[in-house]
Amino acid sequence: VALVISCVAAIAGTLLSLSFSWSTLVVALAVLISGMAYNFWAKGTVYSWVPYSIFIPALPVWAFVAADSLTPAVLFSFPLGALMSLALNIANTIPDLQGDAQYGLQGLAHRLGLEHSLLVLWSSLAGTIILLALTPRSLGNNATYLLPGTVLGGVLLVVMILDRLLKGDDLAADIVRQVEREIDAYHRHLGGTVIELPTVKIEPW
């Protein structure tokens, strides 16, 4: 049933993208192919984070291409999304490290181990926060709107690190929840700073 639903959704999304333009279709196919690559190949390899870094930041790009309003600033979502995707992939894997090992999965977090995975996770989040803080200067965004998101992200990151240092190994669930809160904050403030999604009018072929 899940496979049938996935196939129907993929076909519908492809046709919808084609109704806008060939460029929109290309972006949609890139998202679809990267998602399939994760499910059928990358999930159990050291490259498990790569599809994330493609399909997550490509989603806002699809919206701008569909609205025929793509600007170079929108492409900034890729370096931001790549760092955040790496953190999300590792945070999503950490709670299942032992269980995945029983099934032979050898993704990036499995190969790094818990301690090194945490270092990569924290570094990726720190890089995202720093890069996001630089966007007002590089893209001309309003720093007033961006400041709460970057400060909140920095605070959550410090709390995450201190929590790990003070409490030890039983933190997998807390790590995931804290990363999810930071990602939510990132998404909320991204809409008012780096990317503001345009209104798209859908017309028949």
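**Reading a nine-helix model**

Mentor: Let's start with the fold: among contacts in the protein with a separation of 6 or more, 71% are between residues 24 or more positions apart. Keep in mind that this model is predicted.

Trainee: Thanks! What makes up the secondary structure of the protein?

Mentor: There are nine helices and zero strands. Read along the sequence, the pattern is α-α-α-α-α-α-α-α-α. Of the 205 residues, 39% count as buried.

Trainee: Why is the pair Arg164 and Glu115 called a salt bridge?

Mentor: The cut-off is a side-chain nitrogen of Lys or Arg within 4 Å of a carboxyl oxygen of Asp or Glu. Here the side chains of Arg164 and Glu115 meet at 2.2 Å, N to O, so the pair fits the rule. The count by this rule comes to one salt bridge. As background, side chains of opposite charge can pair when their charged atoms come close.

Trainee: Which parts does this pair tie together?

Mentor: Arg164 sits in helix 8 (residues 143–167) and Glu115 in helix 6 (residues 108–133), so the bridge ties together parts that are 49 residues apart in sequence.

Trainee: How do you know whether Arg164 is buried or exposed?

Mentor: Its relative accessible area is 7%, and buried means under 20%, so Arg164 is buried. Glu115, at 45%, falls between 20% and the 50% cut-off for exposed, so Glu115 is partly exposed.

Trainee: Where is Ser34 found, and what makes Ser34 count as buried?

Mentor: Ser34 is found in helix 2. Its relative accessibility of 6% is under the 20% cut-off, so Ser34 counts as buried. A polar atom of its side chain lies 3.0 Å from the backbone oxygen of Ala30. Leaving aside neighbours within four places in sequence, Ser34 is in contact with Pro51, Ile54 and Phe55.

Trainee: What is the lining of the largest pocket like by class?

Mentor: The lining has 13 nonpolar, six polar and no charged residues. The largest pocket holds about 460 Å³ of space. Its lining is made of 19 residues, with Ser6, Ala9, Ala10, Leu32 and Met36 lying nearest its centre. Helix 1 (2–20), helix 2 (22–40) and helix 3 (50–66) each supply at least two of them, and helix 2 gives the largest share, nine residues.

Trainee: What makes the phi of Asp68 worth a look?

Mentor: Most residues other than glycine have a negative phi. Asp68 is not a glycine, yet its phi is positive, about 55 degrees. Asp68 is found in the loop between helix 3 and helix 4 (77–93). Its relative accessibility is 73%, and exposed means over 50%, so Asp68 counts as exposed.

Trainee: How do you know which residues Leu131 is in contact with?

Mentor: The rule asks for heavy atoms within 4.5 Å. Leaving aside neighbours within four places in sequence, Leu131 is in contact with Phe76, Pro79, Leu80 and Leu83. Leu131 is found in helix 6, and Leu80 is 51 residues away along the chain, with a C-alpha separation of 7.0 Å. At 21% relative accessible area, Leu131 is not under the 20% cut-off, so Leu131 is partly exposed.

Terms used:
Residues are numbered from 1 along each chain as its sequence is written. This is a predicted model: local features need pLDDT of at least 70, side-chain atom pairs count only at pLDDT 80 or more; totals for chains, interfaces and linings use all residues. Side-chain values use heavy atoms; hydrogens and water are left out. Helices (H or I, at least four residues) and strands (E, at least two) are DSSP runs, numbered from the N terminus. Buried means under 20% relative accessible area, exposed over 50%, partly exposed in between (1.4 Å probe, protein chains only). On a 1 Å grid over the protein atoms alone, a cavity is a set of points where a 1.4 Å probe fits but cannot get out, and a pocket is an open set with protein on both sides within 12 Å along at least five of seven lines; lining residues have an atom within 4 Å of a point. Grid points are joined across faces, edges and corners, and a volume is the space filled by probe spheres set on the points. Ala, Val, Leu, Ile, Met, Phe, Trp, Tyr, Cys and Pro count as nonpolar, Asp, Glu, Lys and Arg as charged, and the others, Gly among them, as polar. A polar contact is a pair of N or O atoms within 3.5 Å; within protein, one must be able to donate a hydrogen and the other to accept it, and residues adjacent in sequence count only if both atoms are side-chain atoms.
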